[in-house]
Amino acid sequence: MAAQIDGVFETGLQKKIAESKVLVIGAGGIGCEILKNLVLSGFQDIEIIDLDTIDVSNLNRQFLFHKEHVGKSKANVARESALTFNPNAKITAYHDSITTNNYGVNFFQQFSLVLNALDNRAARNHVNRLCLNAGIPLIESGTAGYNGQVELIKRGLTQCYECFPKPAQKSYPGCTIRNTPSEPIHCIVWAKHLFNQLFGESNEDEDVSPDTADPEAGAEAGNAALEADANDKGNVDRVNTRTWAKQCEYDPEKIFNKLFFDDINYLLSMSNLWKNRTPPKPSKWDTLQAGEDGEDVIMEDSVVRDQKVLSLGESAKVFAQSIKALKEAFAKLPEDDHLVWDKDDKFGMDFVAACANIRAQIFGIPQKSRFEIKSMAGNIIPAIATTNAITAGIVVMRAFQVLQEEYDKCNTVYVRLRVNGRNQFIVPESEIIPPNPKCYVCADKPQVVLKVDTQNLTVREFRDEILIKALNMISPDVTLDGTGTIVISSEEGETDCNNDKKLAEMKIVDGCILKADDFLQNYELSITVLHKEPGREEAPFEIVADPDTLKPKEEEEAAASSSASAAFDDAQPSTSKGLNGSSANGSKATVNEIEDDTDDLYIVEDDEEDGKPSGSKTVEKRKHTSDRDVEPTSKKAKISSQPPEDEDDDDDLTIIE
């Protein structure tokens, strides 16, 4: 290995490489290349974390994996493959998520530096905060097609991952998704919503039934729906999709007929919708005719399964098989638990692909292969192996400079498809970008202003929608400044009695200051509450750290922040300035479609997969103090990688990640 050969590195660097301990987060396209580079460079002590398993679609660019590894842990296989380069290296692999409570500040403090190879913001935000508080240099990296980026994050020296905001996300009106789809992505979003309605975390804004409130349908549609659904007493008995599915025991035929025959006929009754559109054609289960090769799609040949565009009959067979498997998996969960859709889960992906294609055929929309749907479902731009290799090489070169404490040389570096005016396709920033003094993560005293309707927002909504989703906390505690009242506690059940109370009932009114504290992230935030009654078209809350710096910028402006940015093509890596930062606004009525994938297909917005040490110890839980020698545990809480950001989110808009 290079560090063991005298003369390859200068003596001081050679020694530091041999003595350092490095954490690699993510074992996908970039992560595999980084791990290989570290081992070949002579690093002896490496830990790698990834929750994902190997899919056949990973094999064309993740070269530590082969066909026989499909279905196995990425972290474990990457370790085994890397050891063939240097059997004397100490490599520890964890098949787990980096956002679990096993990885607090103390865990991070054992490393010389951390190398991020993630592809989603929730995990990046979390690692960013832990490295900042642990005082450990973090080297961020990301790719998007032919574009790549590498940047150093070090407290007090550089901007952090959340110093600047993300641009607005693409959105689709809810009535388009439910009533009048016209593109494959509309059908895919609908199918993912259906998965959540049947098996996942149900959200009323993800309803898949026809939308009678669609302004195009006319007022009579809503009245007709009420009359049709009214019982003999004139009342409407509402049964949600999951309850109905359970009542019919998840019978594939009944679910199919309801979704693709009854609901479609109902849409056809809204005649106004079809004056200038081609009406959909309902499909009934017993009329389906599968092709002769209908059984082939059920085979375990991943290549055939992923590349073939299925007929309606074949899609129906996959639909039935996936419902059966998901029903069984769902039945094994505790009563209040649910499945989480993952594009790398065979049956979850099969279900979405089948439903999307059935709906597409009904509406006369071009159908897609399972592989294409998988890419669209996660809003993925396929990574290019050479871009990953170049980016990973830059990461390890930056690691050399960090070990030598040559921070002044660690400017952010961009990889571009086309050369710039100076004939460069690897383009460094002209200078290190300093921290945003008003960043609500890395500033000396992080603080934000929250504009919200204190008369109507509940404590539960404040916790889930604002603290966890919008501000990226995991296990927050909140007290009312001045009185010491505990509003939210991360201790299980301690403040459940507050969940349904309005903020005003807790004496949280205009001008109040809340102290939010996430001890797992060792992160404290001061929140000044301003009462605001949002208009009909306004988001229910707004978070403002600094009106100037937190106003989302257009991607072109973000790219232009570097004098060497040049032509940036269509997509940017998730570490790009224009994609970093935290939300400025949030909306209950806006739905995030965020899925993660650590195989380093770049997710335009993006859930993570990484690890935990098998020998980690659980320490009795406590509130964090300035003493960081004890690492607490915390209950798990769902996080969303990004909240909605459009300032005038419409109640029917669905955010697509």
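At what angle do helices H12 and H13 pack, and how far apart are their axes? In this predicted model, H12 (residues 312-331) packs on H13 at about 145°, and the axes are 8 Å apart. Those two helices are a good place to start; after that come an open sheet of 8 strands, a separate look at strand E16 (residues 541-544), and a loop residue, glutamine 455.

**The H12/H13 pair**
- Two packed helices are described by the angle between their axes and the distance between the axes.
- H12 passes H13 in a left-handed crossing. On the H12 side, the contact residues include Leu312, Ala316, Phe319, Ile323 and Leu326. H13 brings in, among others, Phe347, Phe351, Ala354, Cys355 and Ile358.
- Polar side chains take part too: Ser315, Gln321 and Ser322 of H12 are among the contact residues, as are Lys346, Asp350, Asn357 and Gln361 of H13.
- H13 covers residues 346-362, and its 17 residues should span 24 Å at 1.5 Å a residue; the end C-alpha atoms are 24 Å apart, so the two values agree.
- Most of H13 is tucked away, with 15 of its 17 residues buried.
- Just past H13, glycine 364 takes a positive phi of about 70°.

**The annotated stretch**
- UniProt, in an unreviewed entry, lists residues 335-374 as "domain: Ubiquitin-activating enzyme SCCH".
- In the model that span is 55% helix and 0% strand, and its end C-alpha atoms lie 29 Å apart.

**The 8-stranded sheet**
- Reading across, the strand order is E3-E2-E1-E4-E5-E6-E9-E10; the sheet is open and the pairing is mixed.
- Its edges are E3 (90-94) and E10 (426-428), each of which pairs on one side only.
- On average, neighbouring strands here are turned by 15° against each other, ignoring direction.
- At the E3 end, E2 (residues 45-49) runs parallel to E3 and is joined to it by 5 bridges. One pairing to look for is glutamate 47, whose bridge partner in E3 is threonine 92.
- Helix H3 (residues 74-83) lies across E2 and E3, and runs at about 165° to E3.

**Strand E4 and its neighbours**
- Which way do the side chains of E4 (residues 113-116) point, and are they buried or exposed? Leu113 and Leu115 go one way, Val114 and Asn116 go the other, and all of them are buried.
- E1 (residues 21-25) runs parallel to E4, with 4 bridges between them; leucine 23 stands opposite valine 114.
- E5 (residues 138-144) also pairs with E4 in the parallel sense, over 2 bridges. Here leucine 115 has isoleucine 139 of E5 as its bridge partner.

**Strands E11 and E16**
- E16 is covered on both faces: Phe541 and Ile543 sit on one side, Glu542 and Val544 on the other, and all are buried.
- E11 (residues 447-452) and E16 run antiparallel and are joined by 4 bridges. Lysine 451 has glutamate 542 of E16 as its bridge partner.

**Glutamine 455**
- This residue lies in the loop between E11 and helix H16 (459-470).
- Glutamine 455 counts as partly exposed because its relative accessible area is 47%, and the cut-off for exposed is over 50%.
- Leaving aside residues up to four places away in sequence, glutamine 455 touches Lys502, Ala504 and His531.
- Lysine 501 is 46 residues from glutamine 455 along the chain, with 9.7 Å between their C-alpha atoms.

Conventions
Residues numbered from 1 in each chain as written. Predicted model: local features only at pLDDT ≥ 70, side-chain atom pairs only at ≥ 80, totals over all residues. Heavy atoms only, no water. UniProt positions renumbered as here; feature names shortened; annotations may be inferred. Pairing = 2+ DSSP bridges. Axes fitted to C-alpha atoms, helices over the stretch in contact; angles between N-to-C directions. Contact = heavy atoms within 4.5 Å. Expected span 1.5 Å × (residues − 1). Buried < 20%, exposed > 50% of the residue type's maximum accessible area, 1.4 Å probe, protein only. Left-handed = near helix turned anticlockwise from the far one by under 90°.
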